[in-house]
Amino acid sequence: MNSELIHQNDIINIIIYTFTAFLLMALVLILFFYFSRKKIVQQEVEKKNLEIAHQKELLHSIIITQEEERKRIAQDLHDDISSKLNIVSINSHLLKTPGLTFDESSEISTNIFNLTKKALDNSRRIAHDLLPPVLEKFGLHAGIEELCVEYNSNKLINASFTSFTELDKINSDKQLNVFRILQELMNNSLKHGKAKNITIIFESNSNLITCKYNDDGIGFDMNDVKNQKGLGMKNIESRISFLNGELKIISSEKKGMQVIFSF
Ligand SMILES: Nc1ncnc2c1ncn2[C@@H]1O[C@H](COP(=O)(O)OP(=O)(O)O)[C@@H](O)[C@H]1O
Ligand SMILES: [Mg+2]
């Protein structure tokens, strides 16, 4: 009778211990899932925060670029147009001066003619800078060809361009963005890279267009912060994000630079 009671107590103890062990294991599992889930959420939040900070930085650079562009246009208008029109206006008043000789009035008229022509040329140039007419009239392909011709004309650099895809079918806002990206890249290759050769190749695969840009200049260390400060590269990034595209830059010192972007 006594030994049966002891046996029963043992069974109850085993059940209690097993139950407690299961309970503890369940608790440990719950805690483990809770904390690992918390960590994943935390990592996601950190990633999102980084993305937001990057977007903010891009937005900031867009605003700065816009302001600089406005300042430049205002300066161009002031220096190249307003000042000339001012002199035209003064000259026109001079024409009314009584008793002018034929020679004097003809000199004033020539002045007015020359200044008006200069103001007209300048206004055309400013408009062309804002929206290159070749893009509007003939599309991106012709625009890039013209860009290469302009760069090749100074004999310092040889730019070549090949496209295996119809660039002119891209919508015109996107064309302007691609054009501006290439303008900045070429400018950098000449200014910073001291490159001798530039190649631009466009390819397409299903709906994705890829541009491969290369220069054989001095290249740069991409990890050096001084190379990450420029507005030009930030601008390129924001244009790529406008294109819903992706950008890859490969460069190291003395090895030229390669930029691949798809959109
Ligand atoms: N093609 C290149 N070859 C060598 N260095 C380059 C090239 N492109 C950019 N860089 C480096 O990256 C920096 C940032 O370029 P960018 O953002 O265009 O600024 P910015 O042209 O206004 O100086 C440059 O100052 C230069 O050091
Ligand atoms: Mg630049």
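UniProt positions are given in the numbering used here, feature names are shortened, and annotations may be inferred rather than shown by experiment. On that footing, the unreviewed UniProt entry lists residues 12–35 under "transmembrane region". The model discussed here is predicted. Its ligand 1 takes up the space of the largest pocket and is surrounded by 15 residues.

**Annotated segment**
- Residues 12–35, the stretch that the UniProt record lists as "transmembrane region", are 100% helix and 0% strand.
- The C-alpha atoms at the two ends of residues 12–35 are 34 Å apart.

**Shell around ligand 1**
- Glu184, Asn188, His192, Asn227 and Met233 are the closest of the 15 residues that surround ligand 1.
- By residue class, the shell comprises eight polar, four nonpolar and three charged residues.
- Two helices, α5 (172–191) and α6 (231–242), each contribute at least two residues to the shell.
- With four residues, α5 provides the largest share of the shell.

**Polar contacts and burial of ligand 1**
- The side chain of Glu184 places an N or O atom 2.9 Å from an oxygen atom of ligand 1.
- A nitrogen atom of ligand 1 lies 2.9 Å from an N or O atom in the side chain of Asp215.
- Gly232 takes part through its backbone, with an N or O atom 3.3 Å from an oxygen atom of ligand 1.
- Ligand 1 exposes 540 Å² when taken alone, and the protein buries 84% of that area.

Note on methods. Residues numbered from 1 in each chain as written. Chains lettered and ligands numbered in written order. Predicted model: local features only at pLDDT ≥ 70, side-chain atom pairs only at ≥ 80, totals over all residues. Heavy atoms only, no water. Near = heavy atom within 4 Å. Polar contact = N/O pair within 3.5 Å; in protein donor to acceptor, adjacent residues only side chain to side chain. Areas by Shrake-Rupley, 256 points an atom, 1.4 Å probe, with all protein chains shown as cover. 1 Å grid on protein atoms, 1.4 Å probe; cavity = no way out; pocket = protein on both sides within 12 Å on 5 of 7 lines; lining within 4 Å. Sits in = over half its atoms within 2 Å of the grid points. Nonpolar A, V, L, I, M, F, W, Y, C, P; charged D, E, K, R; others polar.
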